[in-house]
Structures are given as structure tokens and as C-alpha cells.
Amino acid sequence: MDICDVIQRQHDEQRTEFAILEQWPRDDIEGLEAIWNRLAILLETHALAEEKHFYPQLLTLGTGGADAGGVDDEVEDAIKDHNSIRDCVRRANAEKAGSEAWWKAVVDANVANSTHMGEEERQDLADFRQQASLELRHELAIKLLREMAMEAAKGITPVDRDADEYVANDKDDSLGADAKNTDLPDTSLTASETE
Ligand SMILES: [Fe+2]
Ligand SMILES: [Fe+2]
């Protein structure tokens, strides 16, 4: 397993679930609510597990991928994006499923999530694939999936994080020498322009 592949597959699942909602019969309120609830659980458990088992290790090993202005910017952006997605999820949960305000919040969640996933794949996953060893990526895949299963079983309450505080305090300093990918250069590929 590889945490980067697991994250990317879950992004595909999120895209698919938004597409299912778009095509769902508009008068099946119970069905819309159930599909949305499942998607909201996936969005929150995914973000939470990334914050516990992906970003702290990226902060330690990453150098900034593609158009990221460096690893701190990369992570700060991601945490802020997670909070924006949480805002939309909270808004949708406060509205009646199928109502105009509910659909606006759902579509806003899709926009925020879509923008975030593109950036996460292009910057964060690309950086981690270049800088983290396969052993670490396997180990973190198990931790991420375990975390998500445990959280989903408990039910979810989205809680925002302070992005600056996260970057300053959540770096994983416990990584050993085998955490580094030694087959590729010490800095990740970057674009001609960064943020
Ligand atoms: Fe993600
Ligand atoms: Fe994310």
C-alpha cells in the first residue's frame, strides 16, 4: 500500500459521490440526505486522517512540490482548504436536504473540495512521493485507513484547525533515517512560478 495512492483513490470516490448527487432524483429527499451524509463522513474522516498521518510527515520530509511556495505554504494552504470544506459541510448539514440553500452548500463543498484535491495531488502528493520512502508510505496508509474507520464508526463533528499553529507545531520529528526516499533528488520538482 501507499498512502499517496490511497488518498488519490479516495479523491476519486469523492468526485464520484458528488456526481451521484447531481444525478439523483430531486424529489427523493431521504435518498439525497443519505448520499450526502455518507459523502460528508468521507470528506471529514479523510481530512482528519490526512491531518494526523500525512501532513506532519510531509512537513518533516517535503520540500514543496510544483507551484507550492515551499512545504510550509503547501501545508498551511491545505489546512485552510480543509476548514473551507468543513464550513460548506456545516452549512449543508444545517439546511433541509433538497432545499435551494442545501444544494448551494453542497455545490460550494464540491467547488472547495475540487480545488483542494487538485492542489493536494499536484503539490503535496507529488512532493511526498519524491521525498518519502515506500516503507513509510505503506506504514502511513495503514494508519490513515485505521484512523478513518475508527472515526467513521464514532460519527463525525468537523472541527476547524488554525493553519499557522498547525505548521508550527505538527511536524513529525520522530521519523527515522529510512523515512527518506534516497532514490530521488533531495528537493522535489517545482514549477517555473510558485505561490
Ligand atoms: Fe485529500
Ligand atoms: Fe486534504
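How close do the axes of α1 and α6 come, and at what angle do they cross? In this predicted model, local features need pLDDT of at least 70 and side-chain atom pairs pLDDT 80 or more, while totals for chains, interfaces and linings use all residues. Residues are numbered from 1 along each chain as its sequence is written, and chains are lettered from A and ligands numbered from 1 in the order in which they are written.

Select α1 and α6 (helices are DSSP runs of H or I, at least four residues, numbered from the N terminus). Their axes, lines fitted to C-alpha atoms over the stretch in contact, come within 7 Å and cross at roughly 40 degrees. α1 is therefore oblique to α6, oblique being what remains outside under 35, over 145 and 65 to 115 degrees. Show I3, C4 and V6 in α1, which meet R137, L140, A141, L144 and L145 in α6; contact means C-beta atoms, placed from the backbone, within 7 Å.

Next, select L58, V75, A92 and A109, the residues with the most contacts inside the largest nonpolar core, which has 39 residues. Such a core joins buried Ala, Val, Leu, Ile, Met, Phe, Trp, Tyr and Cys residues through C-beta atoms within 7 Å; buried means 20 or more other C-beta atoms within 10 Å, exposed 12 or fewer, partly exposed in between. Elements giving two or more residues to this core include α3 (55-61), α4 (71-94) and α7 (163-169). Centre on V75: leaving out residues up to four places away in sequence, V75 touches Y55, L58, L59, Y166 and V167.

Finally, go to A66 in the loop between α3 and α4. A66 is not a glycine, yet has a positive phi of about 50 degrees. A66 counts as partly exposed because 19 C-beta neighbours lie inside 10 Å.

How values were computed:
Two residues are in contact if their C-beta atoms, placed from the backbone, lie within 7 Å. Axes are lines fitted to C-alpha atoms, for helices over the stretch in contact, and angles run from 0 to 180 degrees between N-to-C directions.
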